[in-house]
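I opened this notebook to record what I looked up in the structure, beginning with one polar contact and then moving out to the chain as a whole.

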Amino acid sequence: MNIILGLTGTYCAGKDTVGQYLTDKSFYHYSLSDFLREELKKQGKEIIRDNLIALGNELRAKHGPGVLGEMAIKMTQSDKNYVISSIRNPEEVKALKKHGNFVLVNVDAPSKIRFDRLAKRKRENDPKTFEDFVKYEQQELNSPDPNAQQIRQCISMADLHLINDLSLEDLYKKVDIMLEDVLKIASTKRPSWDEYFMKIAKSVSIRSNCMKRHVAAIIVKDRRIISTGYNGTPRGVKNCNEGGCARCNSFAQGGAKLDECVCSHGEENAIVQASYHGISLKDSTLYTTFAPCLMCAKMIINSGIKEVIYNLDYPLNDLTFALLQKAGTILRQHKIE
């Protein structure tokens, strides 16, 4: 699983500097503020800090406090590592934490050092005195508005802390050391075998051509996939989504007219594919996105599959579960989103 590093922390602590350094280490960098900048451009508004804050508050009020985090997650891909900066609301943290390998880092420095950095960059709208700087920062740290910036709460949720109080060289060394800790944290969040195989089964289900429901099953032996199957019309028959099954295309009531359905089930196809290619299923494990029906249960038992792991319940399960139990087939649920 890829790693997503989140950066939060105080004003002018060096979050974007850390983000830029990590891009040199093959991380892809997104700033939540980038989404706001793009929107301000569309609205024809000046891209200044006050406008960014106001727009962020407006979007959180309209779409939920975690909206910017949710937008960032949608931009990520599972084969790349990311660093996401400008995290300023605890709900953004929660949205990002839904990704299994998310690690939040707090970047900080003493306030006097941060003010000196601010003064050196000489931006027109920045606070001009240390007193104004402190006052401005307090508004970001502790707003009572749940849709506003609540950076102190984000800091309290951090997994790691990085103090940027010396030179750039020193900061980069600290980031390198921090990455060792990130890898330790990320390695503990590696998916289990059940989660791994169930997610593969869910991916297989997108090949389904059934109009009613997309279901898939994979069969595993010695932690190796030996067969896959998804529901749809038989080989050589017009696909269900092209009108091949009248029952599915009429969106018949669930559980009704099952004898008129010409689609094969995901479990059925996985078993038949193994037979077609001469692969033994004895003592294998079947992962399926829906609990098997009675017909598939009989095929599972007779093919020698020893264990069935399912994601979601099928509406008519009682007889099926009882039969699998009588046959000594292990049945358990492993639910994923």
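Before reading any pair, I fixed the term: a polar contact is a pair of N or O atoms within 3.5 Å, and within protein one of them must be able to donate a hydrogen and the other to accept it. I also noted that this is a predicted model, in which side-chain atom pairs count only at pLDDT 80 or more.

Entry on Asn 106. I asked which side chain is joined to that of Asn 106 by a polar contact. I found His 161, with the two side chains joined at 3.0 Å. I placed Asn 106 in strand β4, which runs over residues 102-108. I then looked up its cover: the relative accessible area of Asn 106 is 5%, and because the limit for buried is under 20%, Asn 106 counts as buried. Setting aside neighbours within four places in sequence, I listed the residues in contact with Asn 106 as Thr 8, Gly 9, Ile 155, Ala 158, Leu 160, His 161 and Leu 162.

Entry on Asp 194. I located Asp 194 in helix α10, residues 193-204. Is Asp 194 buried or exposed? I read a relative accessibility of 14% for Asp 194, so this residue counts as buried. I found that the side chain of Asp 194 makes a polar contact of 2.7 Å with the side chain of Tyr 287, and that another, of 2.6 Å, joins it to the side chain of Arg 332. Not counting residues up to four places away in sequence, I noted that Asp 194 touches Tyr 287 and Arg 332, and also Ile 309 and His 334.

Entry on the whole chain. I counted 14 helices and ten strands in the protein chain. I read a radius of gyration of 27 Å, well over the 20 Å that the globule rule gives for 337 residues, so the protein chain is more spread out than a compact globule. I also noted that its C-alpha trace spans about 80 × 40 × 35 Å along the principal axes.

Entry on burial, contacts and charge. I found that buried residues make up 45% of the 337 residues, and that the protein chain exposes about 18100 Å², of which carbon and sulfur atoms supply 51%. Among contacts between residues at least 6 apart in sequence, I noted that 65% join residues at least 24 apart. I closed with the charges: the protein chain has 48 positive and 41 negative side chains, and the centres of the two sets lie 4 Å apart.

Definitions and conventions: Residues numbered from 1 in each chain as written. Predicted model: local features only at pLDDT ≥ 70, side-chain atom pairs only at ≥ 80, totals over all residues. Heavy atoms only, no water. Helix = DSSP H or I, 4+ residues; strand = E, 2+ residues; numbered from the N terminus. Rg over C-alpha atoms; globule rule 2.2 N^0.38 Å. Buried < 20%, exposed > 50% of the residue type's maximum accessible area, 1.4 Å probe, protein only. Contact = heavy atoms within 4.5 Å. Areas by Shrake-Rupley, 256 points an atom, 1.4 Å probe, with all protein chains shown as cover. Lys, Arg positive; Asp, Glu negative; His and termini not counted. Charge placed at Lys NZ, Arg CZ, Asp CG, Glu CD.
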